[in-house]
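Trainee: Hey, I've just opened this one and I'm new to it. Can you walk me through it?
Mentor: Sure, have a look first and then ask away.

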Amino acid sequence: MANKVVLRPTQERGHADHGWLKTFHTFSFASFQDWQHEKFGSLRVINEDRVAPKTGFGTHPHREFEIFSYIVNGELEHKDSMGNVEILKRGDLQMTSAGTGIAHSEKAHGGKEVHFLQIWALPSASRLPPKYFTRHFSDQEKTDTFGVTDERAASGPAPVHSPVTVYATLLSAGKSLAQEMKGTKGYAHVVMTSGYNESASQGATVKVDGQTLREGDGAYIHVEAGKVDVENTGDRTAEVILFDLE
């Protein structure tokens, strides 16, 4: 059977320009509310953020979420109430299991803008103790393969208390990948690597199970085939994140 793919065009995402922060929201978030895009499986937030130098999100609380920061470019300074202080760079994936409650700040470090994806997933169990993990996945590790970013410990993917597996690839022009899926749902997102763009998608181009996506676009995937096919049909490398959702 073929997968059912429903496109989520970038220009239909929620969008806000606060000067210090330029952000796009895949799901309802802050002032952007759309009952048709509240969550998908355990996936609740995908915000594609660009934070200006020497600014950022001041200390604020979270609880009962698994929170990922996927760094695309620049450097992100993380501080939290568990005593963690870290400068995150391209290739870093930071995961905070908020559990019963934490407070943290996320700010641009240095003199350049930081571009990152803020991802939240609903946990499988409540009242878990807060935990913090960081993993690094080099461009080489992600080139033309889907590098997994959760479930294992140590130097591998970060353990996640949510029914979600996150994959990322830098897919070269003309290359294709097939990723086996454990869950009945998936979500694909093409990172906006060519620059900030409020209009219709452009830049890197891929096909997800035959449907065309460009930078900033996403796709809801109802998995019937047991796998998802991704093909780079454009003229440049595409950075694609794929979520496997039970």
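Mentor: One term before we start: buried means under 20% relative accessible area, exposed means over 50%, and partly exposed is in between, with a 1.4 Å probe and protein chains only. Also, this is a predicted model: local features need pLDDT of at least 70, side-chain atom pairs count only at pLDDT 80 or more, and totals for chains, interfaces and linings use all residues. Residues are numbered from 1 along each chain as its sequence is written, and side-chain values use heavy atoms, with hydrogens and water left out.

Trainee: Got it. How many helices and strands are in the protein?
Mentor: There is 1 helix, alongside 21 strands. Those are DSSP runs numbered from the N terminus, with helices being H or I of at least four residues and strands being E of at least two.

Trainee: And why call it as compact as a globular protein of that length?
Mentor: Because its radius of gyration is 17 Å, close to the 18 Å from the globule rule for 246 residues. That radius is taken over C-alpha atoms, and the rule is 2.2 Å times the number of residues to the power 0.38. The C-alpha atoms fill a box of roughly 45 × 40 × 35 Å along the principal axes.

Trainee: What share of the residues is buried?
Mentor: Of the 246 residues, 52% are buried. As for contacts (heavy atoms within 4.5 Å), take those with a separation of 6 or more: 75% of them join residues 24 or more positions apart.

Trainee: Switching topic: how many aromatic pairs are there?
Mentor: The whole structure has 9 aromatic pairs. F29 and W120 make an edge-to-face pair, 5.5 Å centre to centre with 75 degrees between the planes. This pair links distant parts of the chain, 91 residues apart: F29 is in the loop between β3 (21-25) and β4 (43-51), and W120 is in strand β11 (residues 114-121). The rule is that rings of Phe, Tyr and Trp (its six-membered ring) pair if their centres lie within 6.5 Å; planes under 30 degrees apart are stacked, over 60 edge-to-face, and the rest tilted.

Trainee: Are those two buried or exposed?
Mentor: F29 is partly exposed, at 22% relative accessibility. W120 has 11%, so it counts as buried.

Trainee: Which residues form an aromatic cluster?
Mentor: F27, F40, Y187 and Y220 form one.

Trainee: What about odd backbone angles?
Mentor: Most residues other than glycine have a negative phi. A30, though, has a positive phi near 55 degrees. A30 sits in the loop between β3 and β4 and is exposed, at 58% relative accessibility. D144 has a positive phi too, of about 55 degrees, and is not a glycine. You'll find D144 in the loop between α1 (139-142) and β13 (147-148), partly exposed with a relative accessible area of 26%.

Trainee: OK, and where is S105?
Mentor: In strand β10 (residues 102-108). S105 is buried, at 7% relative accessibility. Leaving out residues up to four places away in sequence, S105 touches F57, G58, T59, E77, H78 and K79.

Trainee: Last one: what does D92 contact?
Mentor: Leaving aside neighbours within four places in sequence, D92 is in contact with S69, Y70, I71, I87, R135 and H136. D92 lies in strand β9 (residues 92-97) and counts as buried, with 10% relative accessibility.
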